[in-house]
Amino acid sequence: MNRFINIGFGNIIALDRIVAVVNPDASPVKRMIQEARKNGKLVDATCGRKTRAAIVTDSDHIILAANQPETIASRLSPGSDIREVSENNV
């Protein structure tokens with residue numbers, strides 16, 4: 001069973017692939033974003049809004065989101081908006 005989390009504007013990502021949710025304004029994170037862009041591993045899910053969070057995945061992809069890291073982290077807690085999808089529903 002796959003579990004997904006809403007990261008804003010109808011975008012969802014696989015919960016078990018998330019390694020970290022970080023602020024994109026820190027210099028090391030900016031370098032990670034540039035490296036991911038260069039390697040084709042950057043996903044921009046901001047829908048044209050300001051980037052407020054960078055989500056690092058276990059596949060070294062960086063996903064940019066318009067929600068604050070705190071907002072995304074609160075959705076990771078039990079009882080929040082986590083959607084479970086079985087392989088039959090895909």
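Which residue in strand 5 is the bridge partner of Val 22? The partner is Ala 54. This pair belongs to a predicted model, in which an open sheet of four strands is crossed by helix 1, residues 27–38.

**The sheet**
- The four strands follow the order 3-5-6-4, and their pairing is mixed.
- Strand 3 (18–22) and strand 4 (42–44) each have a single partner strand and stand at the edges, so one side of each has no neighbour in the sheet.
- On average, neighbouring strands of the sheet are turned by 20° against each other, direction ignored.
- Strands of a sheet pair through backbone hydrogen bonds, in either a parallel or an antiparallel manner.
- Strand 3 and strand 5 (residues 53–57) run antiparallel and are joined by four bridges.

**Helix 1 and its position**
- Helix 1 lies across strand 3, strand 4, strand 5 and strand 6 (62–65), and runs at about 115° to strand 6.
- With 12 residues, helix 1 reaches 17 Å from its first C-alpha to its last, which is close to the 16 Å expected at 1.5 Å a residue.
- Just after helix 1, Gly 40 adopts a positive phi of about 75°.

**The two faces of helix 1**
- Val 29, Ile 33 and Ala 36 are the buried residues of helix 1.
- Seen down the helix axis, these buried residues fall within an arc of 65°, and therefore line one face of helix 1.
- The buried residues of helix 1 pack against strand 3, strand 4, strand 5 and strand 6.
- Arg 31 and Lys 38 are exposed, and are carried on the face of helix 1 turned away from its buried side.

Key: Residues numbered from 1 in each chain as written. Predicted model: local features only at pLDDT ≥ 70, side-chain atom pairs only at ≥ 80, totals over all residues. Heavy atoms only, no water. Pairing = 2+ DSSP bridges. Helix = DSSP H or I, 4+ residues; strand = E, 2+ residues; numbered from the N terminus. Axes fitted to C-alpha atoms, helices over the stretch in contact; angles between N-to-C directions. Contact = heavy atoms within 4.5 Å. Expected span 1.5 Å × (residues − 1). Buried < 20%, exposed > 50% of the residue type's maximum accessible area, 1.4 Å probe, protein only. Arc of directions from axis to C-beta.
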